[in-house]
Protein chains: 2
Amino acid sequence: MRIGELATKTGVSVRALRYYEEQGLLTAARSGGGQRHYLDEAIDRVRLIQMLYAAGLSSRTILDLLPCVDAKVNTPQSRAMLRAERDRIERQITQLQQARERLDRVIALSEGPASGCAYTDTGTPDS
Amino acid sequence: MRIGELATKTGVSVRALRYYEEQGLLTAARSGGGQRHYLDEAIDRVRLIQMLYAAGLSSRTILDLLPCVDAKVNTPQSRAMLRAERDRIERQITQLQQARERLDRVIALSEGPASGCAYTDTGTPDS
DNA sequence: CTCGCCCCTCACATGAACGTCAGGTTTCAC
DNA sequence: GTGAAACCTGACGTTCATGTGAGGGGCGAG
């Protein structure tokens with residue numbers, strides 16, 4: 001499969017895919033004229049990369065972690081790295097939960113007492 | 001208190017505080033020569049801003065939300081905005097939890113079977 | 001062979017949240 | 001009143017993950 005198809009199937013832009021390759025996160029075979037060809041596995045790979053990006057990891061960190069995830073590199077260092085990142089994520093989850101609680105409190109206040117708000121407005125009213 | 005002290009007390013850089021003001025997130029009185037003077041309340045304000053930044057909100061979004069949080073602006077629109085952001089945060093928490101689970105699985109694999117790893121290495125070995 | 005669509009490689013642009021340097025002013029302790 | 005520390009306003013630099021052309025080549029259908 002060529003790059004456009006992979007882009008479509010993963011919902012990631014062509015540019016982003018080239019960028020992933022540039023960063024060493026994704027590899028592709030090249031056919032005669034230099035066009036990239038991907039295996040089906042690339043789809044999962046891209047989804048994993050996206051997941052880690054969404055978790056706030058940098059491409060550099062992802063590059064370090066990928067060998068641990070798929071090639072099963074397994075050294076004390078790699079385990080420490082994995083745990084470190086997981087802990088980072090945990091801390092971030094905690095922070096997010098605090099922020100959410102803060103917003104929840106504000107929301108409760110605004111919806112609660114003396115708010116002239118008996119209805120529950122579940123969507124943004126078209127402005 | 002002047003900007004340097006506020007920076008020290010909040011752990012945020014002077015530059016960042018000026019940036020917050022530039023973005024309309026933080027206001028300061030000016031003394032004769034143009035220097036910023038902050039009330040003690042500014043400390044909490046900055047901490048709130050940091051919390052929201054940490055939750056991944058943009059300065060623009062924070063700017064929109066702050067009036068709801070502290071000036072108690074309370075309109076259907078503001079409530080919808082608050083809920084929208086809280087939901088965004090919730091979704092991000094979910095994504096992070098998925099990423100964490102993924103890492104947990106990898107960690108379990110690497111520490112578990114046939115790993116020559118009977119000890120539990122809780123820290124990064126000084127490299 | 002040629003049209004059209006997809007692909008290629010530069011390489012500059014973007015936006016967010018600051019860092020950093022330059023050149024100048026204010027404040028405050030002494 | 002004076003010198004150093006802290007502050008001021010620009011304004012350009014940085015990093016990251018892309019967006020966005022420009023200019024040119026690959027490749028299957030007819």
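Visitor: What is the make-up, by class, of the surface near DNA strand C?
Guide: In this predicted model, the surface has nine polar, seven charged and six nonpolar residues.

Visitor: What makes a residue count as near the strand?
Guide: One of its heavy atoms must lie within 4 Å of the strand. There are 22 residues around DNA strand C, and the closest are Gly4(A), Arg18(A), Arg36(A), Ser13(B) and Ser59(B). Arg36(A) is listed as charged because Arg belongs to that class by definition, whereas Gly4(A) goes with the polar residues because Gly is placed there.

Visitor: Which elements supply this surface?
Guide: At least two residues each come from α1 (3–10), α2 (14–22) and β2 (35–37) of chain A and from α2 (14–22) of chain B. The element that gives the most is α2(B), with four residues.

Visitor: Which part of DNA strand C faces the protein, backbone or bases?
Guide: Of the strand's atoms within 4 Å of the protein, 76% are sugar or phosphate atoms, and the rest belong to bases.

Visitor: Why is the pair formed by Arg36(A) and a phosphate oxygen called a polar contact?
Guide: A side-chain N or O atom of Arg36(A) is 2.7 Å from a phosphate oxygen of DNA strand C. The cut-off for a pair of N or O atoms is 3.5 Å, so the pair qualifies.

Visitor: What distances do Arg30(A) and Tyr19(B) show?
Guide: For Arg30(A), a polar side-chain atom lies 3.1 Å from a phosphate oxygen of the strand. For Tyr19(B), the distance from a side-chain N or O atom to a phosphate oxygen is 3.3 Å. Both values are within 3.5 Å, so both pairs are polar contacts.

Visitor: What is the volume of the largest pocket, and which residues are closest to its centre?
Guide: The volume is about 550 Å³. The lining has 24 residues, of which Arg102(A), Arg45(B), Leu48(B), Val69(B) and Asp70(B) are closest to the centre.

Visitor: Which elements give two or more residues to that lining?
Guide: They are α5 (76–111) of chain A, and α3 (41–54) and α4 (59–70) of chain B. The largest share, six residues, is from α3(B). By class, the lining has twelve nonpolar, eight charged and four polar residues.

Visitor: How is chain A built, and what share of its residues is buried?
Guide: Chain A has five helices and two strands, in the order α-α-β-β-α-α-α. Of its 127 residues, 37% are buried, which means that they have under 20% relative accessible area.

Notes: Residues are numbered from 1 along each chain as its sequence is written. Chains are lettered from A and ligands numbered from 1 in the order in which they are written. This is a predicted model: local features need pLDDT of at least 70, side-chain atom pairs count only at pLDDT 80 or more; totals for chains, interfaces and linings use all residues. Side-chain values use heavy atoms; hydrogens and water are left out. On a 1 Å grid over the protein atoms alone, a cavity is a set of points where a 1.4 Å probe fits but cannot get out, and a pocket is an open set with protein on both sides within 12 Å along at least five of seven lines; lining residues have an atom within 4 Å of a point. Grid points are joined across faces, edges and corners, and a volume is the space filled by probe spheres set on the points. A polar contact is a pair of N or O atoms within 3.5 Å; within protein, one must be able to donate a hydrogen and the other to accept it, and residues adjacent in sequence count only if both atoms are side-chain atoms. Buried means under 20% relative accessible area, exposed over 50%, partly exposed in between (1.4 Å probe, protein chains only).
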